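Student: Could you take me through one part of this model in some detail? I'd like to start with a whole chain and then zoom in.

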Amino acid sequence: MNFDFSDDQKQLRDQARKFLAEKCSPKAVRVVLDGKAPYDKELWKGLAEMGFLGVAIPEDFGGAGAGHLELCVIAEEMGRANAPVPFSSTVYLAAEALLIAGSDAQKKKWLPAISSGDAIGTLALFEGKGNPAPKNVKLTAANGVLNGVKKPVADGAIADFAVVAARTGSSGRDGDISLFLVDLKAAGVEVKSLTNLDPTRGQAEIIFKDAKAEPLGAGGDGWSILTQVLDRAAVLCAFEQVGGSDRALEMGRDYALDRIAFGRQIGSFQAVKHMLADMYVSATLARSNSYYGAWALSTNASELPEAAAAARISATQAFQHCAKNNIQVHGGMGFTWEFDCHMYYRRANAMALGLGSLSYWEDQLIDRMRKKNAA
Amino acid sequence: MNFDDTPQEAEFRSLARAWIGANAPKEYEEDLRKSSLGRTVLKNGNILEVAKAWQRKKADAGWACLHWPKEYGGRGSSPIERVIWQQEEGPFGQLSRMFIIGHGMCGPTMMAFAREEHKRTYLPPLASGEKVWCQLFSEPAGGSDVAGLRTRAEKDGDDWVINGQKIWTSGAHYSDYGILLTRTDPTVPKHKGLTMFFLDMKSPGVEVRPIKQASGASDFNEVYFTNVRIPDHQRLGEVGDGWNVSLTTLMNERSAIGAAVSTGFPELFEYCSSLMLDDGPAIEDRAVRSKLANWAVKASGLKYTSMRAISALSKGERPGPENSIGKLVAGSMIQDVATYALDLQGASGVVSGEDAELAGRFQAMLLRAPGTRVEGGTDEIMRNIIAERVLGLPGDIRVDKDVPFNKIPTKGR
């Protein structure tokens, strides 16, 4: 048994960590946080040059052809660095949807462009309040055009194309939903930026008025494809959350060692030590659940739906827990704009919602466990 | 990343599986599977006798104390083989509980510090379950602060004379031998005046009194020592070096990974899967599902944390203090799980024992659970271990560190 990443994968992690330490310092993140740029274009270009954007994309489509375990490794580092780039929307959502359901022509058109950093993609699923569910998809597709509104769409304002979930039937079943690829720079698409919890990753509203769209996958297969995409993204996001948890824990630990109060390092008070120990526990449970998700994802195991939901819940909880208590350890300074703690707090809470809320995934996990037990 | 055995591991697993399949006491399998924290009932057998018989059978075939050297009754197996054995032994592993302290702590301490002739005399019958050992560390005045213990050992000729009291000694009432931590010098700081021995629990002057626990059961004991004589050759380590000797013991306790910690989750999930509430099946209730999901990811998180530790073992790495999280998470979780299982039963949850839902499984769990958060290191000690040894935070300020033991205050007010 080797329930761990390989030495090569660990080397890749070190390489990614070093690269991001240089190119994605908190100072660089703040350029986007302060609204001076919609995302870090230089970093995006650099990630393409390192081969990180296409790490799980086959060589035939311009990628590095490594695999999902390698992508998990990169994801963890992206989360750790709080990278202000559209990585999750482009790589976990758009690219994975194309890999699962794209035609050869569609893959040839978009995957090399993703790998080279020339195309940003996203998934347009949500329409206001609510979690992923066929009944929440109201946007319609007919005669090759889409009509409706998607909101929020992660990185929607900077994306070149989107995978859009649309209603193509009214039977009340999952088969009513189909997926489409839409060029967001084409006519009939209007994009508005939204302010959001985490300005280092934009959110947008996209209005489709007779926007041209081509089917992605067979008509009526949309929901089944989406479920697979969301499961994969849940594992990959979990690694970002694990990376973020670890970083928030480290920041708290370091501050507890440096800061003196009542004549002692604050890290010598049990109230502070125990808070940090509990953060470590959350982060460790999340990491272990995520490793299982990575195994299931990389082997396309039948356990993936359950493993993905468990990784999602565990990593979401851990990141929220570590990010909020990191601020608590820092005391007043943790609540300033100047300190970096709030960047992780914002990211943790935004990520907790991105693929559907925690309660949605709790529900999914129990459904999936029941299905497995029944089988 | 994979869960596959190496060819060697696979061969060991198939050997172990075949032997267990042919030899395990299957008549008790169902009872053992149904047991949970606070409730192990063998309908047609005395658990001590069944456990001793199974241990004996394993020893005769060379399957006892896998990680011990052969000359002391073990098998000389690698740590990963020990884990594979535990996986294959499954519910029958519960029969090893009465030997855990002897095999996991006393034996390794003897191996590290006893004279060769003592090792050859005492270790094989310990391995085979013929003799049971206990560990006499905790005292009324030394729980989490075990180095605060007061049991005195005074030299008298070639013997040491022991007077004092131990507490929370698991299994002392059926133990044949014990390892004993004593104070030999009260005039030096507390960690420096300790000495370790092993002794025959039938020695004159040893009195074992069971403790009636808050749960009503009695798994632990008080042990009183009145002028008990121990020959000097039964000393383990140097005089005054008992603290370091005890660290070896405790280290071994921690390295006993791979053994599944009990979280109560499988029991609760199974229960909720068939339970009907006033509004319908429990498993379809949103509130129930949310609770279950939260515990599910803790249970799976612990399971895969243990898998990661086993992988490290398989590569020859030694497990570290990070494994403290298992007990910390599982201890409070099983308490919460039991509380919630009773909540689901409404007013009838108050009924315990055989007349209760599932013969009182969750009621017994609830009453036993507080002990899991205290025994073998309290939640707070576990958090200190993680904070200090994993995260590198400062140790607690110890006001008694350099004070002679007999000058340390003994009363709070």
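Student: What radius of gyration does chain B have, and what would a compact globule with 413 residues have? After that, please look closely at B:Val206.

Tutor: Sure, with a word on conventions before the tour. This is a predicted model, in which local features need pLDDT of at least 70 and side-chain atom pairs count only at pLDDT 80 or more, while totals for chains, interfaces and linings use all residues. Residues are numbered from 1 along each chain as its sequence is written, and chains are lettered from A and ligands numbered from 1 in the order in which they are written.

Now to your question: chain B has a radius of gyration of 23 Å, which agrees with the value near 22 Å for a compact globule of 413 residues. That radius is taken over C-alpha atoms, and the globule rule is 2.2 Å times the number of residues to the power 0.38. Along its principal axes, the C-alpha trace of chain B spans about 75 × 55 × 45 Å. Its secondary structure comes to 12 helices and 10 strands, where helices (H or I, at least four residues) and strands (E, at least two) are DSSP runs numbered from the N terminus.

How is the inside of chain B put together? Of the 413 residues, 42% are buried; a residue is buried if 20 or more other C-beta atoms lie within 10 Å of its own, exposed if 12 or fewer, and partly exposed in between, with C-beta atoms placed from the backbone. Among contacts in chain B with a separation of 6 or more, 71% join residues 24 or more positions apart. Here, two residues are in contact if their C-beta atoms, placed from the backbone, lie within 7 Å.

So much for the chain; on to the residue you picked. B:Val206 lies in strand β6 of chain B, which covers residues 206–210. B:Val206 counts as buried because it has 20 C-beta neighbours inside 10 Å. Leaving aside neighbours within four places in sequence, B:Val206 is in contact with B:Met201, B:Val223, B:Phe225 and B:Val228. For a sense of scale, take B:Ser273, which is 67 residues away along the chain: its C-alpha atom is separated from that of B:Val206 by 50 Å.

One last stop is where the two chains meet. The contact takes 39 residues from chain A and 35 residues from chain B. On the side of chain A that touches chain B, α8(A) gives the largest share, 17 residues.
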